[in-house]
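Trainee: Got a minute? I'd like to go through this fold with you.

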Amino acid sequence: EETLLAFDFGEKKIGIAIGNTLTRHARPLEIIVSERRDARFGRIEQLLAEWQPQRVIVGLALNTDGTDQPATLRCRRFANQLHGRFGLDVELVDERGSSMEAQRLLGTHAADDAMAAAGILQRYLDALPTF
């Protein structure tokens, strides 16, 4: 059984979700709203200490045809920073459509970043092999 945190990375907001491989269920956790990198990573460090995940999932922004876009590099850089700073295994998961799905589930255009992170994590959990 592994506890997992997932991140929907954005330059202004980072949505965070939590889940585990036993229940295979993801849920929104919080949204970090800060443009200061030290504040973002400070809060991430607190969440990692609190939840102690065995791995983290980062949504990978791609174009609808699966090719890279400008945000793709930023997502990869963020994933590398998580690995480098905290020594965690990091997996990238295609996030295409996650924000639209989050808005549909919420029924609003309110802040959907944590719900999008939950959708990204749920995709990862759904793709795990069953035994």
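Mentor: Sure, one term before we start: buried means under 20% relative accessible area, exposed means over 50%, and partly exposed is in between, with a 1.4 Å probe and protein chains only. Also, this is a predicted model, where local features need pLDDT of at least 70, side-chain atom pairs count only at pLDDT 80 or more, and totals for chains, interfaces and linings use all residues. Residues are numbered from 1 along each chain as its sequence is written, and side-chain values use heavy atoms, with hydrogens and water left out.

Trainee: OK, so is strand 2 mostly covered or mostly open?

Mentor: Mostly covered: seven of the eight residues in strand 2 are buried. By strand I mean a DSSP run of E, at least two residues, and helices are runs of H or I, at least four residues, both numbered from the N terminus.

Trainee: What order do the strands have in the sheet?

Mentor: The order is 3-2-1-4-5, in an open sheet of five strands with mixed pairing. Two strands pair if DSSP finds at least two bridges between them.

Trainee: And which ones are the edge strands?

Mentor: Strand 3 (25-33) and strand 5 (89-94), each of which pairs on one side only.

Trainee: Back to strand 2. How many bridges does it share with strand 3?

Mentor: Eight, and strand 2 (residues 13-20) pairs with strand 3 in the antiparallel sense. Two of the partnerships are Asn-20 with His-25 and Gly-15 with Ile-31.

Trainee: What about strand 1 and strand 2, how do they pair?

Mentor: Antiparallel too, over seven bridges. They form a hairpin with three residues between them, and Phe-7 stands opposite Ile-16 in strand 2.

Trainee: Which residue takes a positive phi in the other hairpin, the one of strand 2 and strand 3?

Mentor: Arg-24, near 55°, and that hairpin has four residues between the strands.

Trainee: Switching topic: which strands does helix 1 lie across?

Mentor: Helix 1 (residues 37-51) lies across strand 1 (3-9), strand 2, strand 3 and strand 4 (55-60), at about 150° to strand 3. Helix 2 (residues 70-86) touches strand 1, strand 2, strand 4 and strand 5, and makes about 170° with strand 4. Contact means heavy atoms within 4.5 Å, while the axes are lines fitted to C-alpha atoms, for helices over the stretch in contact, with angles from 0 to 180 degrees between N-to-C directions.

Trainee: Last one: which residues of helix 4 are buried?

Mentor: Among them are Ala-117, Ile-120, Leu-121 and Tyr-124.
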